[in-house]
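I opened my notebook to follow one structure step by step, writing down what I looked up and what I found.

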Amino acid sequence: MKRKLTMIQAITEAMDQKMAEDSRVMLLGEDVGVNGGVFRATENLLQKYGSDRVVDTPLAEAGIIGAAIGLAMNGLIPVVEIQFLAFIYPGFEQIVSHAARMRYRTRGQYHVPMVIRTPYGAGIRGPELHSESVETFFAHVPGLKVVAPSTPYDAKGLLIAAMEDPDPVIFLEPTKLYRAFKEEVPEELYRVPIGKAKVVREGTDLSIFAWGAMLRVADEAAKQIEREQGVSCEVIDLRTIYPLDRDAIVESVKKTGRAIVVHEAHKTAGMGAEIISIINDEALIYLKAPVKRITGFDVPVPQFSIEDDYLPTPGRVMSGIMETFTY
Amino acid sequence: MSPLYQVLTPEGELVQDIKGQLDQETMIKMYENMALVRLFDRKSINLQRQGRMGTYAPFEGQEASQVGSAMALTPGDWLFPTYRDHAAAIVHGQSMARVFLYWMGHMEGSISPKNLNIMPPCVPIATQMVHAVGTAWASKLQNEKHVSLAYFGDGATSEGDFHEALNFAGVFKTPTVFFCQNNGFAISVPFSQQSASKTIAQRAAAYDIPGVRVDGNDIFAVWLTMKKAVERALAGEGPTLIEAITFRYGAHTTADDPKKYRDQETLSEEWRQERDPLQRLRMYLEKQGLWDETKESEFIATAGAKIDAALAEAESYPKSRPEDMFKHVYAEPTWMATEQESELVKPAKQEGIPA
Ligand SMILES: Cc1ncc(C[n+]2csc(CCOP(=O)(O)OP(=O)(O)O)c2C)c(N)n1
């Protein structure tokens, strides 16, 4: 029988199956044990694998991430949960100065096969600092991989790939999508390769690049503009933010000649700028209009009463598309 | 283990003479403050359940810690609350309407009243502690007779910032009071799993500053300890770490289910029956002839009316407009933000796409 899972269930299953298969995999974080994680991502895993493998740590991100680096260097595969992306900052030093650089500094003698999972993004009416999407911080640091799934299927496959990756992976889980919908997820252990984008919708007139929760916004805009204006948009889920799937980006733009990037992170120095730069380098002569970015603004993610105004909407994406056509 | 300082037993009896240290007026004010904030807290939970407020962090059970400590301050002192310390903020002069507003999702809810230094509720754990060292240091350098009081939980004492704050404060002898409400849990993690230290107070020794453990449900003990810490600070003798042992009856926040990790009903019932901070002060006041049922019902009625008025004020506050998010990011808006703002407020293009 085919089963449908939410993203959070798919994530739990990925960890569960990997832990069953590989005794080196262990989970660490605040409230991941008895409580099963504040979003229930690690539900029942403590009961199944015991407190040596599912560890409720003290409340200390530098400690958690730093210790995980050591665990990883010495034969284990730690999967760290940080409760919300903004609470990663106390551990930032450990991520950028150490997790990212250990292979480099030791000339490949040691490496850090670890995963840092964390919910991110707005749209859940969370309190202050519960809605950030600062993926650029990590994409900017050589030595890290940065992944952000948008579906339960991809979440499971990418997380398994992340746990098998020899390098540290920052695994960003769009909080808004945790329980937003269900989809068929295979029961077996499968991988979705890191660094590969997916064409979610084929189209001929314009390419939209997005990831995480914004993928659905992009897709909604594409559907609506097709209906209303007959514009055929190709929607591409980048899935991995670092390394970007350059070929997928360039191929699509060559085909459509127009592009939009949609992300909820702040506009300035967001990943949109990087994607546009790739398009300039590799597909400039195919462009019929400048590539637009529909993004969050250069302001702290606002309080929840106006949070929705911060986030790109299908309407804003459609306006952007129209501007690209009327350029 | 350092002894637990207690003045008022759960039965409402004094275990030591406090003559000349605490007047009757203050005692009554203590009770009134605690009763008011308890009502405020319950109201907030109801508002959250009715969808009139966002996720809320309740504090019922911790009133003596918050009220007693904040009552030991004078208006120029700096208060650094966490997301759970609205009672302390209210006692130090924050308006209840602002606190409601904050939890209704308005940043304006954390504006400090004029001439008071009440910082916004700190969401990242332990990070405000170092600021309290900084403001206190500045007070000292500028010869201002003010202390800075930082609140935090037991979980916060695992973060690096806790240790850095204590260390700085010790080195620079800043007039900082570090006030830990040890309610036994950091979400689901009990203190026994948070740290191998038996107490939080003992950590003070590592930085060579005084560390005191008090019964956090005994407002007299909290207040007297705070007074001493404030006096020390003002006399230039530096910081104090206070560990107040207390318990929060409800969930971590309205989004949390404590039944998953503790025997919630039994534990809360036990604390409520045996150690409630309001109950014990009320018993004491009644024995002294300072409080009775009539006073209680009169007070509850006025307090309820005050809370309703604050709520009405918060709910009539103008709705946030999208453009508000661009305010106060910098002293002068950047061109990027200005352009983005006009993009946000302009109406979506209506015309179709040229063939
Ligand atoms: C740096 C950081 N990490 C994690 C969190 C998520 N979080 C919010 S409250 C909390 C527990 C705090 O416990 P404690 O310090 O004991 O204070 P209490 O909530 O019990 O008052 C956690 C883990 C956070 N807000 N900030």
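My entries below take a sheet in one chain and then the contact between two chains.

Entry 1, the sheet. I noted at the start that this is a predicted model. I then traced the sheet in chain A and found seven strands in an open arrangement, ordered β3-β2-β4-β5-β7-β6-β12, with mixed pairing. The edges are formed by β3 (54-56) and β12 (240-242) of chain A, each of which pairs on one side only. From one strand to the next, I recorded a twist that averages 20°.

Entry 2, one edge and a helix. I looked at how β12(A) is joined to strand β6 (residues 145-147) of chain A, and found two bridges between these antiparallel strands; in one pairing, V146(A) has Y242(A) as its bridge partner. I also saw that helix α1 (residues 7-21) of chain A packs on the sheet, where the strands it touches include β2 (25-29) and β7 (169-174) of chain A, and that its direction makes about 130° with that of β2(A).

Entry 3, the two chains. How many residues of chain B are in contact with chain A? I found 44, and they meet 42 residues of chain A. The area buried between the chains is about 3,700 Å², with 61% given by carbon and sulfur atoms. I counted two salt bridges between chain B and chain A, and K267(A) forms a salt bridge with E343(B), with the closest N and O atoms 4.0 Å apart. On the side of chain B that touches chain A, α4 (96-103), α7 (191-194) and α12 (335-345) of chain B each supply at least two residues, and α12(B) gives the most, with four residues. I sorted the residues of that side into 22 nonpolar, twelve polar and ten charged.

Note on methods
Residues are numbered from 1 along each chain as its sequence is written. Chains are lettered from A and ligands numbered from 1 in the order in which they are written. This is a predicted model: local features need pLDDT of at least 70, side-chain atom pairs count only at pLDDT 80 or more; totals for chains, interfaces and linings use all residues. Side-chain values use heavy atoms; hydrogens and water are left out. Two strands pair if DSSP finds at least two bridges between them. Axes are lines fitted to C-alpha atoms, for helices over the stretch in contact, and angles run from 0 to 180 degrees between N-to-C directions. Contact means heavy atoms within 4.5 Å. Buried area is the accessible area (1.4 Å probe) that two parts lose on being put together, summed over both. A salt bridge is a side-chain nitrogen of Lys or Arg within 4 Å of a carboxyl oxygen of Asp or Glu. Ala, Val, Leu, Ile, Met, Phe, Trp, Tyr, Cys and Pro count as nonpolar, Asp, Glu, Lys and Arg as charged, and the others, Gly among them, as polar.
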